[in-house]
Amino acid sequence: MLTLHGFAYSNYYNIVKHALLEKGVAFEEHTVYTTDPELLRVSPTGKVPAITTENGAHLSETTAILEYLEEAYPQHPLLPQDTVARAKVRQIIKCLELYIELSTRRLLPAALMGVTPDPQVIEEVSATVARGVAALNELSEFRPFLCGDTLTLADIYCRYAMAIPQLVGPKVLGMDIVAQIQGLPALMERLAASEVSTRVDSDMRANQDEFMQKIRERQNP
């Protein structure tokens, strides 16, 4: 059986977990944190998520894992058959990752711990987010999903990639990033109502206290 390594409070972990559940792939979860040395056994950079395949191979990096799942488990596909359409899904994922999620992550300490952010960093993040928002408004279809009438990896990635922007935007940037992308608020509500999302969110909440304890231990060794 496939093993998913990481912890349920991680948005990247939940992207892969959601995809596994949507595809109906049997898997078990192994809770491990970035502070645990054992993580390096399956993830060379010490990042989550990682998986151990049914054949015992270890893979890490979220997008690489998603691509593997599509190829190894073609049932219930989360990428279109058309090559251009598949590329567009990947394009949206890359925009979400580079311009929205990773950019706003720079301001996470300010949102969570009240650390005063460097004004230059705020300016840089704001400019990058604006580029991402413009791109997503141009690329997204919302019919009703990001790439048409079928749920794809872009929708799953978007749901969890927006977790940090939804926190950082109002608190630090003074903006609602989701609301700036036409059609996204309705899609986020639609995705949140699914049975898979409900399970993932429940597991995330259950992991919150343990995750925060790990954070405190790292800050006060």
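**Exercise 1. Work out which residues lie nearest the centre of the largest pocket, and which elements line it.**

Solution. Start at the middle: Tyr-9, Ser-10, Asn-11, Arg-105 and Ile-164 lie nearest the centre, out of 41 lining residues. The model is predicted, so local features need pLDDT of at least 70 and side-chain atom pairs pLDDT 80 or more, while totals for chains, interfaces and linings use all residues. Residues are numbered from 1 along each chain as its sequence is written, and side-chain values use heavy atoms, with hydrogens and water left out.

A quick word on "pocket": on a 1 Å grid over the protein atoms alone, it's an open set of points where a 1.4 Å probe fits, with protein on both sides within 12 Å along at least five of seven lines; lining residues have an atom within 4 Å of a point.

Next, the elements. Those giving two or more residues to the lining include α1 (11-23), α3 (83-105), α7 (163-173) and α9 (195-219). Helices here are DSSP runs of H or I, at least four residues long, and strands are runs of E, at least two long, numbered from the N terminus. The largest share, nine residues, comes from α9.

Finally, the volume is about 1,300 Å³, taken as the space filled by probe spheres set on the grid points, which are joined across faces, edges and corners.

**Exercise 2. Explain why Cys-95 has no disulfide partner.**

Solution. Count first: the structure holds zero disulfides, a disulfide being two cysteine sulfur atoms within 2.5 Å. For Cys-95, the closest cysteine sulfur belongs to Cys-147 and sits 11 Å away, so it's too far for a bond. Cys-158 is unbonded too, with the sulfur of Cys-147 the nearest at 10 Å. As for burial (under 20% relative accessible area, 1.4 Å probe, protein chains only), Cys-95 is buried at 9% and Cys-158 is buried at 1%.

**Exercise 3. Lay out the four-strand sheet and place β1 in it.**

Solution. Write the order down: β2-β1-β3-β4, an open sheet with mixed pairing. Strands pair if DSSP finds at least two bridges between them. β2 (27-31) and β4 (58-60) are the edges; each has a single partner strand, so one side of each lacks a neighbour in the sheet.

Now take β1 (residues 2-6). With β3 (residues 50-52), β1 pairs antiparallel over three bridges, and His-5 has Ala-50 as its bridge partner. With β2, β1 pairs parallel over five bridges, and Leu-4 stands opposite Glu-29.

Last, check the faces: Leu-2, Leu-4 and Gly-6 point one way, Thr-3 and His-5 the other, and all are buried.

Terms used:
Disulfide = S-S within 2.5 Å. Buried < 20%, exposed > 50% of the residue type's maximum accessible area, 1.4 Å probe, protein only.
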